[in-house]
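Work through the exercises below with the sequence and the coordinates at hand. Each task is followed by a solution in steps.

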Amino acid sequence: MRRSGTFARQVLLVRVGRRDDDLRTTDLALPEHRYADRQRRRYGLDRLSRPPIDATRAEIEAVMPVSPALPMMHTDEATAGSIPLLPGERTVARRMKFGVVNACTLASLMLGMLAIFLAMQGEVRIAALCLIACVIFDGLDGALARRLGVASPFGAQMDSLADMCSFGLAAPVVVYASLAGSVSTAAAAVACALVAACAAIRLARFNVSPKDGRFFCGVPTTMAAAVLAVTVAIGLPVPGPVLVAGVALLAFAMVSSFPYAKLARLVKMPPWLWLAPVIGALVDIRLTFALIVVGYLVSGPVLWLRQRRTA
């Protein structure tokens with residue numbers, strides 16, 4: 001009876017082992033049996049042997065979803081714990097250069113915050129001058145990064161975030177403060193909200209789109225903020241509703257697909273073409289500025305039509 005009982009237990013364990021194997025093929029997270037090792041040692045049943053923990057973990061990781069926003073890292077990079085902010089050689093000189101470039105970006109960010117505070121206190125023209133300084137520092141950090149050889153993805157993302165604060169938020173706040181009393185509050189709020197929304201779309205699209213060395217796709221956020229800041233600083237004598245329409249038009253121009261010439265191409269124009277704006281600025285700087293802005297905005301649709309005809 002003892003032997004028959006032992007034989008019956010062996011048959012029962014074999015069947016349970018088969019059932020466990022079937023369950024294990026469908027459920028990777030099945031907990032390991034508590035007495036598997038004891039039964040294997042006692043009865044010599046190899047069917048109850050389970051895969052090692054590392055193999056099971058590898059199978060689970062193989063079927064886990066991977067987020068497309070997170071890049072796949074190699075084992076060495078994952079164990080390192082962090083990705084270097086400045087790729088390449090890590091010398092003291094390069095780190096100092098990297099710090100100078102990012103200091104310019106932070107200066108642009110801080111000037112944008114100062115412009116918001118000044119606009120809240122009614123110092124609209126001083127706030128507009130702070131925005132112009134933001135534009136200068138924004139161009140300076142990129143030029144220094146390329147000149148010093150410390151351009152990095154971290155610097156590009158930081159510059160984009162600073163642009164959103166200075167040009168996507170501070171510029172609409174300054175414009176809103178300058179329009180107070182000349183137009184309705186709702187109209188000024190809608191126009192300035194359009195600038196903020198379009199600036200965010202423009203910066204996000206710029207980060208993920210391929211770059212063109214000749215033209216911008218839409219008016220750059222920095223240039224739009226510079227136009228708004230200069231308009232407030234010089235006190236352009238235009239009725240309030242016209243200013244609101246101009247602000248909304250500039251916002252839509254940022255997210256348009258029209259090609260606009262870069263500043264490097266404008267600098268290479270013949271010198272005699274620069275005489276007209278210089279003479280016009282000496283006669284009436286406000287009218288000359290308005291004509292330059294209108295001409296630049298119109299140049300995008302003109303270049304777009306020209307490209308379609310030649311294509």
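**Exercise 1. A surface patch**

Which residues form a nonpolar patch on the surface, and about how much accessible area do they have together?

Solution. The model is a predicted one.
Step 1. The patch is made of Met269, Trp272, Leu273, Trp274, Leu275, Val278, Ile279, Leu282 and Val283.
Step 2. Together these residues have about 960 Å² of accessible area.
Step 3. Take Leu275 from this list and place it in the fold: leucine 275 belongs to helix 12, which covers residues 275-283.
Step 4. Leucine 275 has a relative accessibility of 51%, so it is classed as exposed, the cut-off for that class being over 50%.

**Exercise 2. Cysteines and disulfides**

Determine how many disulfides the model has, and explain the result for cysteine 130.

Solution.
Step 1. A disulfide is a covalent bond between the sulfur atoms of two cysteines. The cut-off needed here is a pair of cysteine sulfur atoms within 2.5 Å.
Step 2. For cysteine 130, the closest cysteine sulfur is that of cysteine 134, and because the distance is 7.0 Å, it is too far for a bond.
Step 3. Cysteine 165 is in no disulfide either, as the nearest cysteine sulfur, again in cysteine 134, is 8.2 Å away.
Step 4. The count is therefore zero disulfides.
Step 5. Now add the accessibility. Cysteine 130 is buried at 10% relative accessibility, and cysteine 165 is buried with a relative accessible area of 13%.

**Exercise 3. The second largest pocket**

Describe the second largest pocket by its volume, its lining and the elements that contribute to it.

Solution.
Step 1. The volume of this pocket is about 710 Å³.
Step 2. Its lining has 32 residues, and those nearest the centre of the pocket are Thr231, Leu236, Leu243, Gly246 and Val247.
Step 3. Two or more lining residues come from each of helix 6 (124-148), helix 7 (153-179), helix 9 (221-234), helix 10 (240-254) and helix 13 (285-310).
Step 4. Of these, helix 10 gives the most to the lining, with nine residues.
Step 5. Val247, one of the residues nearest the centre, lies in helix 10. Valine 247 counts as buried, with 7% relative accessibility.

**Exercise 4. Pairs far apart in sequence**

For valine 247, isoleucine 132, alanine 229 and phenylalanine 215, give a partner far along the chain and the C-alpha separation. Where a step allows, add the element and the accessibility class.

Solution.
Step 1. Valine 247 pairs with valine 195: they are 52 residues apart in sequence, with 7.4 Å between their C-alpha atoms.
Step 2. Isoleucine 132 is a residue of helix 6. Its C-alpha atom is 6.1 Å from that of alanine 226, although 94 residues separate the two along the chain. With a relative accessible area of 28%, isoleucine 132 is partly exposed.
Step 3. Alanine 229, in helix 9, is buried at a relative accessible area of 1%. Between alanine 229 and phenylalanine 167 the C-alpha distance is 9.7 Å, across 62 residues of sequence.
Step 4. Phenylalanine 215 is in strand 1, residues 215-217. The C-alpha atoms of phenylalanine 215 and lysine 262 are 5.5 Å apart, with their positions 47 residues apart in sequence. Phenylalanine 215 is buried, at 12% relative accessibility.

Technical notes:
Residues numbered from 1 in each chain as written. Predicted model: local features only at pLDDT ≥ 70, side-chain atom pairs only at ≥ 80, totals over all residues. Heavy atoms only, no water. Buried < 20%, exposed > 50% of the residue type's maximum accessible area, 1.4 Å probe, protein only. Patch = residues over 30% accessible without salt bridge, like charges linked within 9 Å, V, L, I, M, F, W, Y side chains within 5 Å. Areas by Shrake-Rupley, 256 points an atom, 1.4 Å probe, with all protein chains shown as cover. Salt bridge = Lys/Arg side-chain N within 4 Å of Asp/Glu carboxyl O. Helix = DSSP H or I, 4+ residues; strand = E, 2+ residues; numbered from the N terminus. 1 Å grid on protein atoms, 1.4 Å probe; cavity = no way out; pocket = protein on both sides within 12 Å on 5 of 7 lines; lining within 4 Å. Points joined across faces, edges and corners; volume = space filled by probe spheres on them.
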